[in-house]
Amino acid sequence: MYTPSSFAIDDLQDLHQQILGTRLAVLVTHGDQGLQASHLPLLFSPDQGPNGTLYGHFARANPQWKALQNGAEALVVFAGADAYVSPDFYPGKAEHGKVVPTWNYVAVHAYGTAEVFTEADRLRNLVSALTDRHEASRNNPWKVADAPADYIDGMLKAIVGFALPIQRLQGKRKLSQNRSTADVAGVREGLAASPDVHDQALAHLMR
C-alpha cells in the first residue's frame, strides 16, 4: 500500500483498533491457482504475538485454504471509513482554482503465514467465539449450543480454520493532512453536511 509518511499509522494500538472495528476483512493469497480473495469475519487476539493473531475459517469447498496450507503469505485488508472529496470543499477553489478531487480513507493491511486446522474442538471454539462476538448486541443472542449437536458436528466438517500470526502491519489514514487548515476544515464540514452516512463517518474521524 502506497503510504506517504504524513498518512502513515504508526501506533500499534491505532492499527489494532482498526482491525477490531472492521467487521468483514478481505484475505488475499497467491498460490497455484493464482490470486485469490475471500471476504471473511475474523477474530483478533492483540496479545498473541508481537502484532497480534487473526483467526478465521473458510468453507472447505473454497480452495484458498490450500494456499495457506502450502505456506503462501496472506494479505488481510481491513478497510475503514472512506469518502469522495469534492474540489468544492476547498476554499482555495474560489481563490485560484488549483484543486482536484481525491478520496479520503482509512485502511490497515496485515501480512503473515497461517496455520490451518481441522480439529473439531478448535473449530467449534472458533465459530462459537465468532458467533458470540456478533450476537452480543442482540436481546436474545443465539449460541452455537442452541443448534442440535449432530447438526453442528456436520457443519464443522464443512469448514477449515486458520490462525494467522501477523508478521507485519501497515496502516494508512488519509484525512487531508497534506492540505491547509482551511482546506481540512472545508472537507470536514462538507462531508459532515452530506446525507451519506459514510461521508459523515469520515468527517467524524477528521475532528
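This text walks through a helix, a cavity and a pair of glutamines in one structure. The model is predicted.

Start with helix α1, which spans residues 12-21. At its start, Asp11 makes a link to the backbone. A side-chain oxygen of Asp11 comes to within 3.1 Å of the backbone nitrogen of Gln13. Next, look at which residues of α1 are hidden. Leu15, His16, Gln18 and Ile19 are buried. These residues sit on the same side of α1, because they cover an arc of only 155 degrees around the axis. Turn to the face of α1 that points away from its buried side. Here the exposed residues Gln13, Gln17 and Gly21 are found. So Gln13 appears twice: its backbone nitrogen has Asp11 as a partner at the start of α1, and Gln13 is listed among the exposed residues.

What covers the buried residues of α1? Strands do part of the work. The cover includes β1 (8-9), β4 and β5 (53-59). It also includes β6 (74-85), β7 (102-112) and β10 (168-174).

Now look for empty space inside. Rolling a probe the size of a water molecule over the atoms shows where such space is left. The count comes to one cavity of 30 Å³ or more. The largest cavity holds about 50 Å³ of space. Its lining has 14 residues, and the closest to its centre are Ile19, Thr22, Leu42, Phe78 and Arg133. Ile19 is already familiar as one of the buried residues of α1. Helix α1 and strand β4 (43-45) each supply at least two residues of the lining. By character, the lining divides into eleven nonpolar residues, one polar and two charged.

Move on to the two glutamines. Gln64 lies in helix α2, residues 64-69. Gln36 has its place in strand β3, residues 34-40. Are they buried or exposed? Gln64 is buried, as its relative accessible area is 0%. Gln36 is buried too, with a value of 15%.

The two residues meet directly. A polar atom of the Gln64 side chain lies 3.2 Å from the backbone oxygen of Gln36. Leaving aside neighbours within four places in sequence, Gln64 is in contact with Leu27, Val28, Thr29, Gln36, Ala37, Ser38 and Phe58. On the same terms, Gln36 touches Leu27, Val28, Thr29, Pro63, Gln64 and Ala67. Leu27, Val28 and Thr29 appear in both sets. One more distance helps to place Gln36. Its C-alpha is 9.9 Å from that of Trp65, and the two are 29 residues apart in sequence.

Note on methods
Residues are numbered from 1 along each chain as its sequence is written. This is a predicted model: local features need pLDDT of at least 70, side-chain atom pairs count only at pLDDT 80 or more; totals for chains, interfaces and linings use all residues. Side-chain values use heavy atoms; hydrogens and water are left out. On a 1 Å grid over the protein atoms alone, a cavity is a set of points where a 1.4 Å probe fits but cannot get out, and a pocket is an open set with protein on both sides within 12 Å along at least five of seven lines; lining residues have an atom within 4 Å of a point. Grid points are joined across faces, edges and corners, and a volume is the space filled by probe spheres set on the points. Helices (H or I, at least four residues) and strands (E, at least two) are DSSP runs, numbered from the N terminus. Ala, Val, Leu, Ile, Met, Phe, Trp, Tyr, Cys and Pro count as nonpolar, Asp, Glu, Lys and Arg as charged, and the others, Gly among them, as polar. Buried means under 20% relative accessible area, exposed over 50%, partly exposed in between (1.4 Å probe, protein chains only). The arc is that of the directions from the helix axis to the C-beta atoms. Contact means heavy atoms within 4.5 Å. A polar contact is a pair of N or O atoms within 3.5 Å; within protein, one must be able to donate a hydrogen and the other to accept it, and residues adjacent in sequence count only if both atoms are side-chain atoms.
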